[in-house]
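Colleague: I am new to this structure and would like to go through it by question and answer. Please take it one topic at a time.

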Amino acid sequence: MYRRIKSYVLRAGRLTTRQTQGLEKYLVHYVLPLDEKYWDLKQIFARDAETILEIGFGMGASLITMAEQEPDTNFIGIEVHEAGVGAIAADIFEKQISNIKIAPYDAVMVLEKAIAPDSIAGIQIFFPDPWPKKRHHKRRLIQADFVKMLLRALKPGGFIHCATDWQEYAEHMLTVLSAEPLLVNQSEGFAPKPARRPSTKFEKRGQALGHGVWDLLFVKR
């Protein structure tokens with residue numbers, strides 16, 4: 001039986017007052033619709049600029065930093081967990097950031113319904129759930145079928161940038177991405193941490209405990 005790809009598993013959690021405010025008051029200004037037509041990126045951002053898609057932005061801190069550091073680039077952040085969506089909506093409002101839009105949907109639905117082929121300059125996936133138990137490996141986001149969906153969205157020359165602090169998952173990612181003939185690894189194996197990727201609190205905490213971090217950077221032929 002065919003198992004539909006799904007990019008997440010929902011986990012319940014309590015929202016802070018600020019996150020609730022972000023969802024109820026601010027999200028409406030930045031949320032993108034999910035209907036049966038592709039997003040017109042030029043119209044959405046009111047300019048013609050390269051657009052980067054981040055899948056699973058967590059609480060949004062690194063995405064906010066990148067958008068501030070790269071004002072000439074458009075960013076779309078995908079996240080289904082309400083705490084993160086509320087937090088980033090509040091951040092965008094408070095900092096008056098104009099180059100981020102929010103897609104609070106399953107990434108698979110976004111890729112299938114909202115992203116035109118060959119329209120995205122880059123896709124970044126930072127610290128996705130590693131699903132460490134072997135019986136859960138099928139839930140991992142980086143799988144061959146999902147990579148093909150990413151490639152459909154990417155422009156020729158567009159990049160896929162992944163990062164993880166779980167070595168076995170890093171090796172899995174490297175195997176999957178290397179096996180795709182339309183992708184070219186920009187390093188021999190894992191990549192040095194690109195300067196444009198901010199370090200997160202989660203990452204710094206892991207490094208303090210002696211955990212490694214692995215980056216992978218591939219480009220579409």
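What follows is a set of questions and answers about this predicted model.

Colleague: How many salt bridges does the structure hold?

Modeller: A salt bridge here needs a side-chain nitrogen of Lys or Arg within 4 Å of a carboxyl oxygen of Asp or Glu. By that rule, the number of salt bridges in the structure is 11.

Colleague: Glu-50 and Lys-155 meet in a salt bridge. How many residues apart in sequence are the parts that the pair ties together?

Modeller: The side chains of Glu-50 and Lys-155 meet at 2.7 Å, N to O. Glu-50 lies in the loop between α2 and β1, and Lys-155 lies in strand β5, so the pair ties together parts whose separation in sequence is 105 residues.

Colleague: Is Lys-155 buried, partly exposed or exposed?

Modeller: Buried means under 20% relative accessible area, and exposed means over 50%. Lys-155 has a relative accessible area of 29%, so Lys-155 is partly exposed.

Colleague: Which residue meets Arg-140 in a salt bridge?

Modeller: Arg-140 lies in the loop between β4 and α6, and its partner lies in helix α7, 28 residues apart in sequence. The two side chains meet at 2.5 Å, N to O, and the partner is Glu-168.

Colleague: Is Arg-140 buried or exposed, and what is its relative accessibility?

Modeller: Its partner Glu-168 is partly exposed, with a relative accessible area of 35%. The cut-off for buried is under 20%. Arg-140 counts as buried, because its relative accessibility is 3%.

Colleague: Lys-148 and Glu-180 also meet in a salt bridge. Where does Glu-180 lie?

Modeller: The side chains of Lys-148 and Glu-180 meet at 2.9 Å, N to O. The pair links distant parts of the chain, 32 residues apart: Lys-148 is in helix α6, and Glu-180 is in the loop between α7 and β6.

Colleague: Is Glu-180 buried or exposed?

Modeller: Lys-148 is partly exposed, with a relative accessible area of 48%. Glu-180 has a relative accessibility of 8%, so Glu-180 counts as buried.

Colleague: Which residues do salt bridges with shared partners join into one network?

Modeller: Salt bridges can share partners, and here such sharing makes one network. Its members are Arg-18, Asp-91 and Glu-94.

Colleague: Lys-101 is buried yet has no salt bridge. How far away is the nearest side chain of opposite charge?

Modeller: Lys-101 lies in strand β3. Leaving out residues up to four places away in sequence, Lys-101 touches eight residues by name: His-29, Tyr-30, Leu-32, Ile-44, Phe-45, Phe-75, Ile-76 and Gly-77. The nearest side chain of opposite charge is that of Asp-40, at 12 Å.

Colleague: Which residues gather in the patch of positive charge on the surface, and where is Lys-138?

Modeller: The patch holds Lys-133, Arg-135, Lys-138 and Arg-139. With a relative accessible area of 52%, Lys-138 is exposed. Its place is in the loop between β4 and α6.

Colleague: How far apart in space are Ile-52 and Ala-121, C-alpha to C-alpha?

Modeller: Ile-52 is found in strand β1 and is buried, with a relative accessible area of 5%. Beyond its neighbours within four places in sequence, its contacts include Phe-75, Gly-122 and Phe-159. Ile-52 and Ala-121 are 69 residues apart in sequence, and their distance in space is 5.6 Å.

Colleague: Which residues is Pro-132 in contact with, leaving aside neighbours within four places in sequence?

Modeller: Pro-132 is in the loop between β4 and α6 and counts as partly exposed at 41% relative accessibility. Ile-100 is 32 residues away in sequence and 32 Å away in space, C-alpha to C-alpha. The contacts of Pro-132 are His-137, Arg-140 and Trp-166.

Colleague: Phi of Gln-96 has a positive value. What is that value near?

Modeller: Gln-96 is in the loop between α4 and β3 and counts as exposed, at 58% relative accessibility. Gln-96 is a residue other than glycine, and its phi is near 55°.

Colleague: Phe-127 also has a positive phi. Is Phe-127 buried or exposed?

Modeller: Phe-127 is in the loop between β4 and α6, with phi near 55°. Its relative accessible area is 16%, so Phe-127 is buried.

Notes. Residues numbered from 1 in each chain as written. Predicted model: local features only at pLDDT ≥ 70, side-chain atom pairs only at ≥ 80, totals over all residues. Heavy atoms only, no water. Patch = residues over 30% accessible without salt bridge, like charges linked within 9 Å, V, L, I, M, F, W, Y side chains within 5 Å. Areas by Shrake-Rupley, 256 points an atom, 1.4 Å probe, with all protein chains shown as cover. Lys, Arg positive; Asp, Glu negative; His and termini not counted. Charge placed at Lys NZ, Arg CZ, Asp CG, Glu CD. Helix = DSSP H or I, 4+ residues; strand = E, 2+ residues; numbered from the N terminus. Buried < 20%, exposed > 50% of the residue type's maximum accessible area, 1.4 Å probe, protein only. Contact = heavy atoms within 4.5 Å.
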